Amino acid sequence: MRYRFDECIERGKIVKIPVDPALVEKEFREAEADLIAAERSLAEHQEKWAIIQGYYSLFHSLRALVFSKGYREKSHRCLKFAVEALLVDEGILNPKVLEHFSFAMDLREGADYGCIYNEESARLVVGSARSVFEMVRP
């Protein structure tokens, strides 16, 4: 669905940037730090924080890949559309990764804004974050 990516560009929510390997690496470090925090929160039965931290691990993992393609997003939804257009549609990432990210985004919003969370949801998000991080980390 490239049109959503193009709409984000038109609205200034995705911008072209020079590829900066240091910036990409910084995002991967953030993804790893958030993943470690999410796994710790899960072990401590802090499901809300595990979901939020797991989501942000996914966010930073995927953001690193978008940065490596020479783009920067300015909204979470536009990151999703950039991942779809630049990585999934191009055959670089399995569509399941986008499904995991979308699901985690919904669960994070529920945990953060609606105080809706449970252990099963937390395990799913943290497991997705670990899987995606290991898949995309160079």
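Colleague: Which residue caps the N-terminal end of α2?

Modeller: Aspartate 20 does, since one of its side-chain oxygens lies 3.0 Å from the backbone nitrogen of alanine 22. A polar contact is a pair of N or O atoms within 3.5 Å, where within protein one must be able to donate a hydrogen and the other to accept it, and residues adjacent in sequence count only if both atoms are side-chain atoms. Please keep in mind that this is a predicted model, in which local features need pLDDT of at least 70 and side-chain atom pairs count only at pLDDT 80 or more, while totals for chains, interfaces and linings use all residues. Residues are numbered from 1 along each chain as its sequence is written, and side-chain values use heavy atoms, with hydrogens and water left out.

Colleague: How many residues does helix α2 have, and what span does it reach?

Modeller: Helices here are DSSP runs of H or I with at least four residues, and strands are runs of E with at least two, numbered from the N terminus. The expected span of a helix is 1.5 Å times one less than its number of residues. Helix α2, residues 21-43, has 23 residues and reaches 33 Å from its first C-alpha to its last, close to the 33 Å expected. Helix α3, with 22 residues, reaches 32 Å between its end C-alpha atoms, close to the expected 32 Å.

Colleague: Which residues of α2 are buried, and what covers them?

Modeller: Buried means under 20% relative accessible area, exposed means over 50%, and partly exposed lies in between, with a 1.4 Å probe and protein chains only. Among the buried residues of α2 are Leu23, Phe28, Ala31, Asp34 and Leu42, and their cover includes α3 (47-68), β2 (71-73) and α6 (119-136). Helix α3 is itself mostly covered, with 18 of its 22 residues buried.

Colleague: What is serine 61 of α3 in contact with?

Modeller: Contact means heavy atoms within 4.5 Å. Leaving aside neighbours within four places in sequence, serine 61 is in contact with Phe28, Ala31, Val132, Phe133 and Val136, and it counts as buried because its relative accessibility is 0%. Valine 132, found in helix α6, is buried with a relative accessible area of 1%. Valine 132 and serine 61 are 71 residues apart in sequence and 7.4 Å apart in space, C-alpha to C-alpha.

Colleague: How is the packing of two helices described?

Modeller: Two packed helices are described by the angle between their axes and the distance between the axes. The axes are lines fitted to C-alpha atoms, for helices over the stretch in contact, and angles run from 0 to 180 degrees between N-to-C directions. The axes of α5 (residues 95-114) and α6 come within 10 Å and cross at roughly 140 degrees. Angles under 35 degrees count as roughly parallel, over 145 as roughly antiparallel, 65 to 115 as roughly perpendicular and the rest as oblique, and α5 and α6 are therefore oblique to each other. The residues making the contact include Val97 and Phe103 of α5, and Leu124 and Val132 of α6.

Colleague: Where are histidine 45 and cysteine 115 placed, and are they buried or exposed?

Modeller: Histidine 45 sits in the loop between α2 and α3, and has a positive phi of about 60 degrees although it is not a glycine. With a relative accessible area of 55%, histidine 45 is exposed. Cysteine 115 lies in the loop between α5 and α6, has a positive phi of about 55 degrees without being a glycine, and counts as exposed at 56% relative accessibility.
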